Amino acid sequence: MKKTVLITGASRGIGRETAKILAANNFNVAINYYKSEEEAEKLYCQLLDMKCDVIKVQGDVRNRVQVDNMINIIYRRFGNIDILVNNAGVAQQKLFTDISEDDWNLMFDVNIKGIFNCCQSVLPKMINSKKGKIINISSIWGITGSSCEVHYSASKAAVIGFTKALAKEVGPSNIQVNCVAPGIIETDMNSHLDASAMEELKSNTPLGVVGSARDIAEVVLFLASNKANFITGQVISPNGGFVI
Ligand code: NAP
């Protein structure tokens, strides 16, 4: 039987590429998006062309009611969610002394409370059926910290702690919880970086390149597959050697 995956923030970047690779590997795909309706519709049509069983659901991961509605819509369509990819995220660059309370709350509400909401909503059914996989997207900055991104780094570090703790708690129910902590990836999130900043990042990366969304999607595909059944509570960091 085909497995169903929900990918949050699948309208653009890493989430979109993850949706494509999972569709190509025979998963039913639920695309969550927040504001990018047009991009989500385009992806939806692409997946339909690939003969994927796909649904797109609008929803703000910060909002528990919207998350529960989204999960129920997916249950009605597919009956189950086998794999949850918590990818939705926001970033911001600011001096620590300039971070407002709203800035702080935005990072934590989307990047970690969003994961809390989605996990709490899908876990009762996963625990009942004694199977499931949760893949949380953190960042290298959650491991090393990044200057001018204290709130982002702290929220992404929280994702790692969350992953490890939840993996211990739900392991006995045969649910794997893992974390992917990407390095610098060419998506809209890094569109503020000019050519010289990109060159500098490449020159500081042993492999000499920045990553693509596809590089991350490949790792998510592996963690979503049965090949990763013995892996839980881990942080895998595809980063070209930028952080070792
Ligand atoms: P992106 O291109 O900016 O895409 C972000 C996605 O998150 C969009 O699909 C957006 O949906 C969604 N999103 C934002 N707020 C949301 C909300 N409240 N509810 C639901 N969805 C929401 O970013 P990306 O580079 O692909 O990043 C994806 C993940 O990878 C993030 O968690 C990010 O922190 C992490 N990451 C990225 C990099 C990098 O270098 N790019 C490195 C490390 C980690 P809409 O457009 O529909 O609003």
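A pocket, on a 1 Å grid over the protein atoms alone, is an open set of points with protein on both sides within 12 Å along at least five of seven lines. The model treated in these exercises is predicted.

**Exercise 1.** Determine what volume the second largest pocket has and which residues lie nearest its centre.

*Solution.* The second largest pocket has a volume of about 160 Å³. Its lining is made up of 14 residues, and those nearest the centre are Val-209, Val-210, Gly-211, Asn-239 and Gly-240. Sorted by class, the lining of this second largest pocket comprises eight nonpolar residues, five polar ones and one charged.

**Exercise 2.** Establish in which pocket the ligand sits, and describe that pocket.

*Solution.* The ligand sits in the largest pocket, for which the computed volume is about 1,100 Å³. Of the 47 residues that line the largest pocket, Gly-89, Val-90, Ala-91, Thr-187 and Met-189 lie nearest its centre. Two or more lining residues come from each of H1, S2, helix H4 (101–129), H6 and helix H7 (195–203).

**Exercise 3.** Identify the polar contacts of the ligand with Lys-156, Ile-185 and Thr-187, using a cut-off of 3.5 Å between N or O atoms.

*Solution.* Begin with Thr-187, which places a polar side-chain atom 2.5 Å from an oxygen atom of the ligand. Next, a side-chain N or O atom of Lys-156 is 2.8 Å from a ligand oxygen atom. For Ile-185, by contrast, a backbone N or O atom is involved, at 2.9 Å from an oxygen atom of the ligand. Finally, the ligand taken alone exposes 900 Å², of which the protein buries 95%.

Definitions and conventions: Residues are numbered from 1 along each chain as its sequence is written. This is a predicted model: local features need pLDDT of at least 70, side-chain atom pairs count only at pLDDT 80 or more; totals for chains, interfaces and linings use all residues. Side-chain values use heavy atoms; hydrogens and water are left out. A polar contact is a pair of N or O atoms within 3.5 Å; within protein, one must be able to donate a hydrogen and the other to accept it, and residues adjacent in sequence count only if both atoms are side-chain atoms. Accessible areas come from the Shrake-Rupley method with a 1.4 Å probe; for residues, only the protein chains shown count as cover. On a 1 Å grid over the protein atoms alone, a cavity is a set of points where a 1.4 Å probe fits but cannot get out, and a pocket is an open set with protein on both sides within 12 Å along at least five of seven lines; lining residues have an atom within 4 Å of a point. A molecule sits in a cavity or pocket if more than half of its atoms lie within 2 Å of its grid points. Grid points are joined across faces, edges and corners, and a volume is the space filled by probe spheres set on the points. Helices (H or I, at least four residues) and strands (E, at least two) are DSSP runs, numbered from the N terminus. Ala, Val, Leu, Ile, Met, Phe, Trp, Tyr, Cys and Pro count as nonpolar, Asp, Glu, Lys and Arg as charged, and the others, Gly among them, as polar.
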